[in-house]
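Biologist: Please take me through one part of this model closely. I would like to look at the salt bridges and what surrounds them. Keep it simple, as I am new to this.

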Amino acid sequence: MLSAGEGAQSTGCTQTAVRPQWAAAGSTDRVLTGEPVGMSPPPRSARAAPEIETRNTVHLVGRVSWGPESRVMPSGDEVVQLRVVVPRPRARSRSAPTGEPPGKAKTQVDAIEVACWSARTRAAAKRLTVDDMVEVEGGLHRRFFATGAGRASRYEVEARALRRARAARP
């Protein structure tokens, strides 16, 4: 608790802390912001919204390495899942692993789980086979589910659009 000499002002029944000169203007410490001590911060909906448009968009072009596999969830919803392998672009600053010449580094890939929930994406996914090239548009989602050891989660791309990728014509 601040004493009157340290920047606290007595308002009668409520003690209010005033930001000292040394406190940062953007301080998140409520004691230093001038709010009455003991009050909760305003709800998130009352705070100013960011002026930056947020978005969750994923666009993949890669090779199907597993699936498609259709499953019925406990809720009765059907989902078709598959895995898409996408090569990572090589970073110019990375050197080759020890023992390999600079031009012979192994290509790194990302294996990304894709979930198809809509009837359209499920139908398109069911027509794919392993080693097909596919183009997926969607968003990154974290799904929670129960396991024998408790709750678990997994990140996956939820497909909004999915189609077989074709090579560009020369």
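Modeller: What follows starts with the whole chain, then moves to the charged pairs and their surroundings.

This is a predicted model, so we begin with the predictor's confidence in each residue, the pLDDT. The average over the chain is 78. A score of at least 70 is reached by 61% of the residues. Residues 1-36 have a pLDDT below 50. Even so, that stretch makes 41 contacts in the model beyond near neighbours in sequence.

Next, the layout. The chain has 7 strands and 1 helix. Read from the N terminus, the order is β-β-β-β-β-α-β-β. The helix therefore follows five strands and comes before the last two. There are 170 residues in the chain, and buried ones make up 23% of them. The chain exposes about 12,800 Å². Carbon and sulfur atoms supply 52% of that area. Now take contacts between residues at least 6 apart in sequence: 52% of them join residues at least 24 apart.

Now to the charges. How many salt bridges does a search of the whole structure find? It finds 9. We can look at three of them in turn.

Start with Glu 53 and Arg 55. They form a salt bridge, and their closest N and O atoms are 3.6 Å apart. Both residues are exposed.

Then move to Glu 78 and Lys 126. Here the closest N and O atoms are 3.0 Å apart, again in a salt bridge. This pair links distant parts of the chain. Glu 78 sits in strand S4, which covers residues 78-87. Lys 126 sits in helix H1, which covers residues 119-126. The two are 48 residues apart. Are they buried or exposed? Glu 78 has a relative accessible area of 22%, so it is partly exposed. Lys 126 is at 47%, so it too counts as partly exposed. Buried would need a value under 20%, and exposed a value over 50%. The pair also has a partner. Arg 122 joins Glu 78 and Lys 126 in a network of salt bridges.

The third pair is Glu 135 with Arg 163. Their side chains meet in a salt bridge of 2.5 Å, N to O. Glu 135 belongs to strand S6 (residues 133-147) and Arg 163 to strand S7 (residues 150-164), so the bridge ties together parts 28 residues apart in sequence. Their exposure is worth a look. Glu 135 has 15% relative accessibility, so it counts as buried. Arg 163 is at 48%, so it counts as partly exposed.

Stay with Glu 135 a moment. Which other side chain is joined to it by a polar contact, this one of 2.7 Å? That side chain is His 59. The side chain of Arg 163 is in polar contact with Glu 135 as well, at 2.5 Å. Leave out residues up to four places away in sequence, and Glu 135 touches His 59, Leu 60, Val 61, Ala 161, Leu 162, Arg 163 and Ala 165.

One name in that list leads to the core. Leu 162 is among the residues with the most contacts inside the largest nonpolar core. The others are Leu 82, Val 114, Cys 116 and Val 136. This core has 17 residues. Two or more residues come from each of strand S3 (58-72), S4, strand S5 (109-116), H1, S6 and S7. S4 gives the most, with 4 residues.

Cys 116 brings the two topics together. Beyond residues up to four places away in sequence, Cys 116 touches Glu 78 and Arg 122, both part of the salt-bridge network. Cys 116 also touches Val 79, Val 80, Leu 82, Thr 121, Ala 125, Ala 159 and Leu 162.

Finally, compare another glutamate. Glu 69 is found in strand S3. Its relative accessibility is 35%, so Glu 69 counts as partly exposed. The C-alpha atoms of Glu 69 and Arg 83 are separated by 9.8 Å, and the two residues are 14 apart along the chain. Glu 69 touches Val 79, Val 80 and Gln 81, again leaving out residues up to four places away in sequence. Val 79 and Val 80 are also touched by Cys 116.

Notes:
Residues numbered from 1 in each chain as written. Predicted model: local features only at pLDDT ≥ 70, side-chain atom pairs only at ≥ 80, totals over all residues. Heavy atoms only, no water. Buried < 20%, exposed > 50% of the residue type's maximum accessible area, 1.4 Å probe, protein only. Contact = heavy atoms within 4.5 Å. Areas by Shrake-Rupley, 256 points an atom, 1.4 Å probe, with all protein chains shown as cover. Core = buried A, V, L, I, M, F, W, Y, C linked by side-chain atoms within 4.5 Å. Polar contact = N/O pair within 3.5 Å; in protein donor to acceptor, adjacent residues only side chain to side chain. pLDDT = per-residue confidence, 0-100.
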